[in-house]
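The following exercises take a reader through the structure shown below. Each task is followed by a solution in steps.

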Amino acid sequence: MKLDSKIPEGPLAEKWTKHKFNLKLVNPANKRKYEVIVVGTGLAGASAAASLAELGYNVKAFCYQDSPRRAHSIAAQGGINAAKNYRNDGDSVFRLFYDTIKGGDYRAREANVHRLAEVSVDIIDQCVAQGVPFAREYGGLLDNRSFGGAQVSRTFYARGQTGQQLLLGAYSALNRQISNGKVKLYTRTEMLDVVVTDGKARGIITRDMVTGKIESHSAHAVLICTGGYSNVFFLSTSAKGCNVTAAWRAHKKGALFGNPCFTQIHPTCIPVSGDHQSKLTLMSESLRNDGRVWVPKTARPGLKAKDAMNIPEAERDYFLERKYPSFGNLVPRDVASRNAKQACDEGRGVGATGLAVFLDFTDAIKRDGRKTIEAKYGNLFDMYQQITGDNPYEAPMMIFPAVHYTMGGLWVDYNLMTNVPGLYALGEANFSDHGANRLGASALMQGLADGYFVIPYTLGDYLANIGWSDKVGTDHPAFKEALEGVSNRINKLLSIKGKKTVDQFHRELGLTMWEYCGMSRSEEGLKKAKKKIQELRAEFWSNVNVLGSNNELNQELEKAGRVADFLELGELMVDDALNRSESCGGHFREESQTPEGEALRQDDKFAYVAAWEYQGDNQPEVLHKEELVFENVKLTQRSYK
Amino acid sequence: MKVTLKVWRQKDAKTKGAFATYPLDHVSTDMSFLEMLDVLNSSLIQKGEDPIHFDHDCREGICGMCSLYINGRPHGPLQTTVCQLHMRTFHDGETITIEPWRAKAFPVIKDLVVDRSAFDRIQQSGGYVSVNTGGVPDANAIPIPKKIADEAFDAATCIGCGACVAACKNASAMLFVSAKVSQFALLPQGKPERKERVEKMVAQMDAEGFGSCTNTKACEAECPKGISVTNIARMNREYFAASLSSYEVPLKGSGD
Ligand SMILES: Cc1cc2nc3c(=O)[nH]c(=O)nc-3n(C[C@H](O)[C@H](O)[C@H](O)COP(=O)(O)OP(=O)(O)OC[C@H]3O[C@@H](n4cnc5c(N)ncnc54)[C@H](O)[C@@H]3O)c2cc1C
Ligand code: FES
């Protein structure tokens with residue numbers, strides 16, 4: 001198989017404009033003859049569904065929650081980047097492009113990232129026109145902040161609820177099209193398979209989560225906008241329902257999976273409090289602007305936050321300030337996370353579990369006064385206190401890294417189409433723009449760029465080329481076969497009646513992934529993980545206990561289907577991590593480090609996208625490489641010393 | 001700690017429900033309320049009993065999916081979402097009663113899960129600004145005074161959980177609807193359609209069978225996001241102003 005990224009010819013800054021002109025258009029009168037399925041109604045899905053319906057296509061949109069407004073995009077706090085240069089501080093499309101490519105550790109396509117930076121400015125205009133209440137200054141114009149170590153202030157925000165406001169904007173645009181009859185919405189409906197005939201995506205199989213009804217839907221194109229797969233780690237900052245199922249089903253139907261091992265670990269999450277823990281809560285990384293990260297110089301097991309104040313300065317190790325004097329506590333996410341883990345691995349972690357480091361505001365409160373700190377971080381401090389019961393004004397916070405985003409996903413070309421014609425992937429579900437590490441405030445940008453400003457153009461080209469008569473009905477044998485496959489799998493899950501709950505399997509998988517395929521990896525560990533996952537998967541299919549029936553709301557059954565897919569994805573992530581024996585982005589490969597113990601990227605060997613092809617159950621997948629060509633940036637090793 | 005849970009169990013929309021009692025031991029005060037239910041559920045599954053179904057997703061207090069009525073209050077004793085409620089709020093030996101939202105417009109689907117699609121239909125009836133993708137003015141073309149933007153934001157923070165309806169003895173949805181109406185009535189972008197918007201949304205709210213507002217302010221007191229009843233006053237003004245120059249508004253299919 002040859003991977004064609006379809007990157008347009010010509011100078012970087014002109015590619016998208018030229019490409020748009022070269023794309024075929026669908027005659028306005030014919031648009032209503034086309035049907036498009038959009039799976040997922042987060043930022044990517046809702047914006048795509050609304051924009052395509054506005055153009056005149058008939059859209060069916062699906063989500064597993066009871067309303068599109070609850071997609072996990074709602075939880076994004078910090079903000080969204082755009083190269084508006086409203087601050088006059090030297091920002092530009094090229095600078096945003098450059099920062100994003102560099103931030104991704106040179107593992108993303110130049111052309112995609114440049115397009116992202118170009119359309120970023122339109123996103124902000126669009127959202128404001130929809131009535132999204134971004135933060136403003138006294139003069140009435142939009143406010144910006146600098147985010148995640150960026151040298152310019154290009155992040156637009158809506159207090160700590162940017163994702164919520166952007167999603168509600170996209171949701172309102174979607175609602176308008178539902179009311180116009182151009183979008184038909186299916187809530188509490190889960191996609192369980194893609195249907196492919198003659199090499200083209202023709203539709204999907206879904207399960208109504210209330211009645212259990214399994215249904216076929218056919219269309220001219222299918223858009224997978226189902227978010228990321230952080231939940232393969234069980235504990236992550238994702239919502240409980242986030243899953244890889246839709247993307248994984250597409251993968252098993254032939255779509256390649258790109259860079260599965262690229263995940264992002266966020267340094268400032270609230271640590272685990274016990275075995276009952278069901279998810280992790282992120283606190284904005286803006287906290288690191290004023291908080292100082294430290295652990296005791298020598299191990300003090302079980303050290304509580306309230307006793308931290310008794311530890312004299314001389315016995316504290318402000319390890320980020322010590323190791324990275326010029327960036328200090330503001331080193332990028334991956335560096336901060338890795339060093340926190342290292343301190344804990346050395347036994348110097350604090351709190352009941354020893355899996356935490358302090359984030360201390362004592363000096364900031366002394367310097368600026370409690371009022372100032374309260375104004376900046378009041379809501380975060382309150383949230384922290386609500387969850388942990390500790391008061392961060394009086395004793396340091398405890399933080400620990402957690403899985404927060406997945407850069408990997410379905411492989412797509414420049415048009416956001418997977419290698420299966422008619423099958424597209426948007427938002428976090430695709431692998432496209434973040435390389436090996438995502439900068440803060442760039443996922444919201446990508447989701448909305450894909451949905452509002454890319455897919456309306458690129459999908460039209462595909463539809464115009466195939467023509468409206470090129471569609472298969474749900475009576476086609478391929479639909480029947482897929483539907484039967486889905487039913488059989490559900491029946492199988494219900495019939496095992498074993499001894500372990502779905503959550504038990506999920507937790508075990510998560511621990512293995514975190515231990516061996518998290519921030520720091522080694523060949524030996526990964527091989528161990530591979531074996532463990534295979535064993536766990538085999539045990540799952542013989543010993544899981546899923547009660548109830550298919551014909552009712554059955555949350556255990558839903559979970560079981562998702563965990564079954566995570567158990568397959570986990571192994572592919574490990575394979576991908578094994579193959580990529582360089583340190584890159586958020587991932588430290590123990591065998592690939594500099595003499596000082598910093599991450600060593602290997603551009604001569606690994607400047608490619610790893611795209612994996614499914615070969616059948618329990619068969620090793622085949623690796624395809626898309627070489628990355630850099631013509632506009634010089635590859636440099638990151639240094640934060 | 002130890003607690004006794006009295007939980008509403010209902011097989012499906014058609015079957016009558018009843019309370020079931022579950023004693024639970026070894027509850028950690030650090031657990032969230034939903035994690036406590038997770039623990040109970042896993043023990044139920046081990047015993048071969050159907051786990052308790054409840055809605056939840058983000059577990060961060062922002063998606064609005066969780067919706068439990070605890071000891072007679074939506075989301076329990078604190079003004080927060082139930083996913084952000086922790087067991088340290090309860091005392092050892094306490095009996096905790098858990099019910100679904102109770103409202104005609106929110107029928108029970110199973111156990112503690114209710115159907116809140118009425119909220120979506122209200123938003124679909126007019127909760128938007130009619131702009132297409134592309135061709136909009138520059139974001140800074142229309143300055144908006146910070147005070148107005150902040151007020152619009154306060155209204156926009158509604159998470160659509162339905163606690164306001166559950167808290168109200170009339171099961172009124174006025175707080176929810178007025179929050180959206182307010183957001184758009186305040187912002188210049190929402191002004192062109194403000195008259196039709198309030199009329200359509202109120203009409204849909206009535207069609208869904210929500211009760212009327214008798215100003216008890218229970219909604220504001222229980223709203224996890226602290227949405228203010230001043231929004232209801234604003235919506236009443238908007239509605240009155242619109243009705244002074246009223247014309248027939250069709251309910252559906254006129255999104256443009
Ligand atoms: C806590 C948190 C904070 C964040 N903060 C920021 C930030 O400040 N800035 C930033 O840029 N990014 C941030 N991110 C990342 C960003 O929010 C996400 O990457 C982005 O919102 C993903 O959008 P999406 O539309 O791709 O997916 P989602 O919003 O996750 O939507 C997925 C959709 O797919 C549906 N779905 C999933 N599976 C199925 C299925 N099998 N069948 C049917 N439907 C399905 C869901 O119902 C949902 O509608 C944050 C992420 C988290 C977790
Ligand atoms: S689960 Fe999302 S608000 Fe409670």
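**Exercise 1. State how chain A is divided into domains, and describe how domain 1 of chain A meets domain 3 of chain A.**

Step 1. Chain A consists of domain 1 (12-262 + 407-466), domain 2 (265-403) and domain 3 (495-608); such bounds come from an automatic or database domain assignment. This is a predicted model, in which local features need pLDDT of at least 70 and side-chain atom pairs count only at pLDDT 80 or more, whereas totals for chains, interfaces and linings use all residues. Residues are numbered from 1 along each chain as its sequence is written, chains are lettered from A and ligands numbered from 1 in the order in which they are written, and side-chain values use heavy atoms, with hydrogens and water left out.

Step 2. The centres of domain 1 of chain A and domain 3 of chain A, taken over C-alpha atoms, are 25 Å apart. In the contact (heavy atoms within 4.5 Å), 32 residues of domain 1 of chain A and 40 residues of domain 3 of chain A take part.

Step 3. Between them, domain 1 of chain A and domain 3 of chain A bury about 3,000 Å², with 58% of it on carbon and sulfur atoms. Buried area is the accessible area (1.4 Å probe) that two parts lose on being put together, summed over both. Of the area that domain 1 of chain A buries against domain 3 of chain A, 23% is supplied by Arg107(A), Phe234(A) and Cys261(A), more than by any other three residues.

Step 4. The rule finds 6 salt bridges across this interface of domain 1 and domain 3 of chain A, a salt bridge being a side-chain nitrogen of Lys or Arg within 4 Å of a carboxyl oxygen of Asp or Glu. Asp105(A) pairs in this way with Arg601(A), their closest N and O atoms lying 2.8 Å apart.

**Exercise 2. Describe how domain 1 of chain B meets domain 2 of chain B.**

Step 1. Chain B is divided into domain 1 (3-108) and domain 2 (116-246). Their C-alpha centres lie 29 Å apart.

Step 2. On the side of domain 1 of chain B, 21 residues are in contact with 22 residues of domain 2 of chain B. The two domains of chain B bury about 1,500 Å² between them, and carbon and sulfur atoms give 58% of this area.

Step 3. The rule finds 2 salt bridges between domain 1 and domain 2 of chain B. Arg116(B) forms a salt bridge with Asp55(B), where the closest N and O atoms are 3.7 Å apart.

**Exercise 3. Describe the interface of chain B and chain A.**

Step 1. The contact involves 77 residues of chain B and 74 residues of chain A.

Step 2. About 6,300 Å² is buried between chain B and chain A, 50% of it on carbon and sulfur atoms. In chain B, the residues that lose the most area to chain A are Asp57(B), Thr133(B) and Phe153(B), together 11% of what that side buries.

Step 3. Between chain B and chain A the count is 7 salt bridges. Asp138(B) forms a salt bridge with Lys84(A), with 3.0 Å between the closest N and O atoms.

**Exercise 4. How many disulfides does a search of the whole structure find?**

Step 1. The search finds 0 disulfides over all chains, a disulfide being a pair of cysteine sulfur atoms within 2.5 Å.

Step 2. For Cys517(A), the closest cysteine sulfur is that of Cys261(A), at 6.3 Å, which is too far for a bond. Cys517(A) counts as buried, with 0% relative accessibility; buried means under 20% relative accessible area, exposed over 50%, and partly exposed in between (1.4 Å probe, protein chains only).

Step 3. Cys223(B) is in no disulfide, and its nearest cysteine sulfur, in Cys161(B), is 6.4 Å away. Cys223(B) is buried, at a relative accessible area of 8%.
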